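Colleague: Could you take me through one part of this model in some detail? I would love to hear about the salt bridges and where their partners sit.

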Amino acid sequence: MSSAEKRIKRQEWRKMCKKRRRKLIRQKAAQARDRLEQDLQREREADPAYRKFLSETEQLEEIAAGREALERALRNAQWLEEEHKAQQRFEKARQQVEAKEREQREQRDRIRKEFEERERKIDQARAERRRQQEEMVRMVRERHTKLQEFVATGIDDYLPELQAIHSSRMDAADCKFFVKTGTCRHGLRCSGNHPTPGLSKIILIPNFFNHPALDRSVHLEYGNDGRLEFDEEDLRNSFTDFFRDIVDEFEQFGKIRQLLVCRNGGPHLRGNVYIDYDNVRNAAAAYLRMNGRFYAKKQLHVEFRSPIVWPAAVCGQFELKRCQKGPGCNFLHIFRNPDHRYQYDHFQESRSMRKEASIVLATPLVQKSWDEITSINVQSARNALNCRWSESPEPEGKDPANSGNLSTRERMRDAEGGTKRRRKRSRSRSRGKRNSRSRSRSRSRSSGYHKDRRYSSSRSDRRSEDKRITKGERKNRSRSPSSARTRHTRHPKKSRRKNRSRSRNP
């Protein structure tokens, strides 16, 4: 072994020796300390005060242990009580959760059943709708076949079936506007019933005529300015071309009694074309040929309509150019047909309608005997009819108690005389009003009101009205004694003044 290794071993040995020596020293010190403590402990134990202290300490420890045990028991009891309450709360929460889950499960089951029931009803409704559609298609095909057979042969075996009325709402009252004009602005949403015949003399083609001047919708970019580019002349020229296009086409199916085209702005009346044929067969032929046909890239939809009373459907105020509702009116504003073809005279139609109504009212009298016709009740009915043209709603005939002794010819003569007297009385009243206006004008001139421009303009208007009186009316006015009386009567105050002046100056 080298000297370096020997030196290292010696150092380790010295370190170990020192460590052992220190350990022995510590052990001897510890043993001395233990002996000292044991001596002290023997001395304490031998001391009676220390033994008393130990006994008291043991008693205090026992008391503390007992108190700690009591506190531990109390805490345990409190914990058990709180645990019991917590268990109750947990049980209650668990029951609530279970009830909620049960309710959710029942709700899911109910929703599932409702969904299944709804799906079943939807399937049934879909199947029913499909069945109804198939039935409707079958009925439409049968009706189309019967209609073709009726048009081709003219056999009217199926005519009552074809003319059956179809109602939109069976339990509702008829819509007044639909009955009058054949259209309604509410459409299928209307609360009234829309009775539509399966076959009729009148056919309707909705929105057949189209022109930008009739469109009342508001454009997103231009607003209402789009109609300003078209005036009445452009609209009239377009309608003339349209009318000449369709009239020859529809005249091929038969004689036309009336052909009206609407110029209303409402979407339910705009451009509607009403064609009234002379018989049902011609209308059916036009329906079969024109329904589904295209005109100006627009497919036509032809419908039948119940007989329309044209004076009740056409707006009379528009015919007089006084309709205040304008294009939004729900009555028909019709174009005047060009070339004097199928011209509609509203007032002539109204007079003929009133005449037909009077004939209808008088026709039941023919079914009675001559004694019943000449009875008092019939005479009162005639007076009630004449009452429409009088000033009062009550008839102005003779007393029925005294009319029983007269003959039939005298009663008729008295009735005619009564109507003539009423007409003369109404004329005399109108002339009296006219003469009173002329007297008021003369008084206003004498008092100096002619300087005011307003009164002069009103007098000029009245003069123009007086100038429009025909010669025949002037002759009749000059002949009637009532007008002469009204013309030559004097003011009572003026006549008294003249009489007084004459009495003073004879």
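Modeller: Happy to; here is a walk through some of the salt bridges. Please keep in mind that this is a predicted model. A search of the whole structure turns up 22 salt bridges, and R112 is a good place to begin. Its side chain meets that of D109 in a salt bridge, at 3.8 Å from N to O. Both residues belong to helix 2, which spans residues 48-153, and they are 3 residues apart, about one turn of the helix. R112 counts as partly exposed because its relative accessibility is 41%, and D109 is partly exposed as well, with a relative accessible area of 31%.

R112 also forms a salt bridge with E116, here at 3.4 Å from N to O. E116 and R112 are 4 residues apart in helix 2, again about one turn. With 43% relative accessibility, E116 counts as partly exposed.

Now for a pair that links separate parts of the chain: E251 and R341 meet through their side chains in a salt bridge of 2.8 Å, N to O. E251 lies in the loop between helix 5 (232-250) and strand 4 (256-261), and R341 in the loop between helix 8 (316-319) and helix 9 (346-362), so this pair ties together parts that are 90 residues apart in sequence. E251 is partly exposed at 28% relative accessibility, and R341 is partly exposed at 26%. Finally, E91, R94 and E98 are joined into one network by salt bridges that share partners.

Notes:
Residues numbered from 1 in each chain as written. Predicted model: local features only at pLDDT ≥ 70, side-chain atom pairs only at ≥ 80, totals over all residues. Heavy atoms only, no water. Salt bridge = Lys/Arg side-chain N within 4 Å of Asp/Glu carboxyl O. Helix = DSSP H or I, 4+ residues; strand = E, 2+ residues; numbered from the N terminus. Buried < 20%, exposed > 50% of the residue type's maximum accessible area, 1.4 Å probe, protein only.
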